[in-house]
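This report describes a parallel sheet, the helices that pack on it, and one residue in a loop. The sequence and the model are shown first.

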Amino acid sequence: MTEPRVLVVGAGLSGLTAARNLSEAGCSVSVLEARARVGGRVENGTLSDGQWIELGGQWIGTGQAALRGLIDHLALDLIPTYNVGRTTVRLGGRTSYMPPQLGAMPRLKPFALVDLTRALARFGELVRNVDIDEPWHSPDAAELDAQTLESWIKRSLLTAGARGYFRSLAETALSADAGELSLLHAAFLARSSDGLDTLIAVDGGAQQSRVLGGASLIAERLAIGLDIRLSTPVRAIRQSSDRVVLTTRFGEEFDADRVVVAIPPALAGRLDYDPILPGWRDQLASRLVAGATVKQFLVYPTPFWRDDGLSGRALGDSTAVHATFDATPVGYGRGVLAGMSTRVAGRGAAPASADARRAAFEDSVVDFFGPRGRDSVEYVERDWSMEEFSRGAYGALFAPGAWTAYGHALAEPVGRIHWAGTETSPIGNGHLEGAVRSGSRVANELLRTL
C-alpha cells in the first residue's frame, strides 16, 4: 500500500496545522500556497529601522487553548499586550477616559448609560442562547437571522451615545458595519469568543497576549519540514471517483486522494470545480464576504500617550480610525500606535490614498490623545481588502439568511474536497484560535476517512 496523498490549498494557520497533523500521522502532504510566503492573514512587517510589527492577526486570548498549546509546542514566547493606564472612549464628539477595571465602558449621561446597560444585557442573553455548533438551530434562529445587527441597534437602543458605542464595537470586534451582518452572526461571533466582554477585553480577554517576534513565527515554525509550494495559486479542482486533480494559474497539475481547501470562503467560491459544487455550497460561498479592514501604524519618537496615564487603547464612533492600541514592541525606544479601520477606500467616504489615510489616522489620534498625535515620524499600513489572496479580514461576514439557509454546508465535505479555515470553527471563529482548531478538525476528519 502507498501512503495516502493529500493536497492542502493555502498555507495559513489552518492549512499548515492540517498539513502538520496529517504528515505526522503518515500521510504524504503537499501545501500549495498562492503567496510567496506562509501565514495567510498572519503577516509580519518591518519599520524603516528593522523593527518588527504585525500587519495581520496577532492576538492570543486567555481561553484559546488550541492556539496556546501550539505556541508552547513550537517553543515561542508570549508577551502581554500593553494595557497600563486609562482607555479613551470618544462618542458623539465627547471624550471620556476609563480606568482599566472598567475596560471600554464609556461615561454617558445617566439615561444613555441605562439605555446601553439594558441593551448589553439583552444582547448577552442572545449570545448565551446561540447553539455554538449549529447556529441555525438556535432558539429563534430564523428571526435573528432575518435582521441585521444595525436594525436591532435601532430598535433596542434609544440614545445616540449608546447606539454609537454598539456600532463602534461592531467595527472593532467584528470588522464590519453593523448593517452588513445578521444579528444571529453577531451573537454567534460573541459566543464563539466566550461572550462580548471577552471578545473586546485585553486583560483576561481575546487581546491578552502577543507572540514575541510576531505571530508570523507560528506559521514559519509550523512550515518547517513540510512540502510547501509557494507562488502556486490554485485555479481549478477536478475530482473523479478515485482521484482529485488541482490545476494552478500557470497550468501545473497536482493529483491526490483528497484535498483540503483552507482559504477564505469567498476565495474558495471563485475556484473552478469539475464537477460543479452542489448548489447549497455555491450559494453559501457567494454570501460570505470578508470584512473590509485596513490595519495602520503610526510611529512616534516616544509613546507619548503613556505620559498622560493612557494605555493607547481607544474606541470612537466619529473618527476615521475607530480603534487604536499600543503596539510598541517590548524594549523599543519609539512609540507605535496601531489602528483598525473598516472605512477603506471604495467603502463610504474613506480616504483614497495612503497619504490621506495617514492624515486621517493622525486626526483620530489627536481626537483621542491630544495634539502630539500630529508628530508621527513614520506610517505603515496593510489594506487587507486589496490583498489578492485574502480580499479582506478578519473573517467572513454572514449576511442575513446565510446561517439558517446554508450554514450546514460550511464544513461539510464535497466528495474528495474538505474545507478548513477559521470561518469553519465554532470556537475562536475569525481568530487565530479558530484557524488552528479548524486545521486539527479537518485532519482528524481526513484520517478517519482515509
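Two strands are taken to pair if DSSP finds at least two bridges between them. The model considered here is predicted. In it, strand E1 (residues 5-9) and strand E13 (residues 258-261) are joined by four bridges and pair in the parallel sense. Within this pair, Val 9 stands opposite Val 261 in E13.

Two helices may be set beside this pairing.

| Helix | Residues | Strands contacted | Angle |
|---|---|---|---|
| H1 | 13-24 | E1, E2 (28-32), E9 | about 165 degrees to E2 |
| H14 | 432-449 | E1, E13, E22 | about 150 degrees to E22 |

Helix H1 thus lies across E1, E2 and E9, whereas helix H14 packs on the sheet by touching E1, E13 and E22.

The sheet itself is open and has five strands, in the order E9-E2-E1-E13-E22, with parallel pairing. Strand E9 (227-229) and strand E22 (417-419) stand at its edges; each has a single partner strand, so one side of each is left without a neighbour in the sheet. From one strand to the next, the twist averages 25 degrees.

A separate point concerns Arg 270, which is placed in the loop between helix H10 (265-268) and strand E14 (272-274). Is Arg 270 buried or exposed? Its relative accessible area is 55%, and the cut-off for an exposed residue is over 50%, so Arg 270 counts as exposed. Arg 270 and Arg 334 are separated by 64 residues in sequence and, from C-alpha to C-alpha, by 43 Å in space.

Definitions and conventions:
Residues numbered from 1 in each chain as written. Predicted model: local features only at pLDDT ≥ 70, side-chain atom pairs only at ≥ 80, totals over all residues. Heavy atoms only, no water. Helix = DSSP H or I, 4+ residues; strand = E, 2+ residues; numbered from the N terminus. Buried < 20%, exposed > 50% of the residue type's maximum accessible area, 1.4 Å probe, protein only. Axes fitted to C-alpha atoms, helices over the stretch in contact; angles between N-to-C directions. Contact = heavy atoms within 4.5 Å.
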